[in-house]
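Here are my notes on the model, point by point. Please read them with the structure open.

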Amino acid sequence: QVQLVESGGGLVQAGGSLRLSCVASGISGINAMGWYRQAPGKQRELVATITSGGNANYADSVKGRGTISRDNAKNTMYLQMNSLKPEDTAVYYCKVTTPWRAWWGQGTQVTVSS
């Protein structure tokens, strides 16, 4: 059974930090993994992606504040977000890609208060 479980979201004050986790189970052949987010009334947007070899790509809005990482042995991906801003408030989704298809997690809410 395929499962993608995100955790680590919550309410944080502006300037604070959060670490999001995504654990994938029941999926083989994972290559790219990524974090996306969707704020109310907006389209889902890329936050960061990472290849199986560890090459990372970041949206301009999080460069210098976010760090994506993964543990291939555990099929787990992380997103460390620092210096959070109210505009970072969104539901954060994990995405896992294999040569055959992609899967999305259910999302975890991140709320940054000013």
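1. Start with V112. This is a predicted model, and V112 sits in strand β11, which covers residues 108-113. V112 is in contact with V12, Q13, A14, L84, K85, P86, D88 and T89, leaving aside neighbours within four places in sequence.

2. Is V112 buried or exposed? V112 has a relative accessible area of 6%. The cut-off for buried is under 20%, so V112 counts as buried.

3. One separation to check is V112 to Q80. The two residues are 32 apart in sequence. Their C-alpha atoms are 14 Å apart in space.

4. Next, the sheet. Four strands form an open sheet in the order β1-β3-β8-β7, and the pairing is antiparallel. At the edges are β1 (3-7) and β7 (66-71), each paired on one side only. From one strand to the next, the twist averages 15 degrees.

5. Look at the β3 and β8 pair. Strand β3 spans residues 18-25 and strand β8 spans residues 76-81. Six bridges join them in the antiparallel sense. Among the bridge partners, S21 is matched with Y78 in β8.

6. Now the cavity. The count is one cavity of 30 Å³ or more. The largest cavity holds about 30 Å³ of space.

7. Which residues line the largest cavity? They are L18, L20, L79, M81, L84, Y92 and V110. Strands β3 and β8 are the elements that give two or more residues to this lining. By class, the lining has seven nonpolar residues, no polar and no charged. L84 appears in this lining and also among the contacts of V112.

Notes
Residues are numbered from 1 along each chain as its sequence is written. This is a predicted model: local features need pLDDT of at least 70, side-chain atom pairs count only at pLDDT 80 or more; totals for chains, interfaces and linings use all residues. Side-chain values use heavy atoms; hydrogens and water are left out. Buried means under 20% relative accessible area, exposed over 50%, partly exposed in between (1.4 Å probe, protein chains only). Contact means heavy atoms within 4.5 Å. Two strands pair if DSSP finds at least two bridges between them. Axes are lines fitted to C-alpha atoms, for helices over the stretch in contact, and angles run from 0 to 180 degrees between N-to-C directions. On a 1 Å grid over the protein atoms alone, a cavity is a set of points where a 1.4 Å probe fits but cannot get out, and a pocket is an open set with protein on both sides within 12 Å along at least five of seven lines; lining residues have an atom within 4 Å of a point. Grid points are joined across faces, edges and corners, and a volume is the space filled by probe spheres set on the points. Ala, Val, Leu, Ile, Met, Phe, Trp, Tyr, Cys and Pro count as nonpolar, Asp, Glu, Lys and Arg as charged, and the others, Gly among them, as polar.
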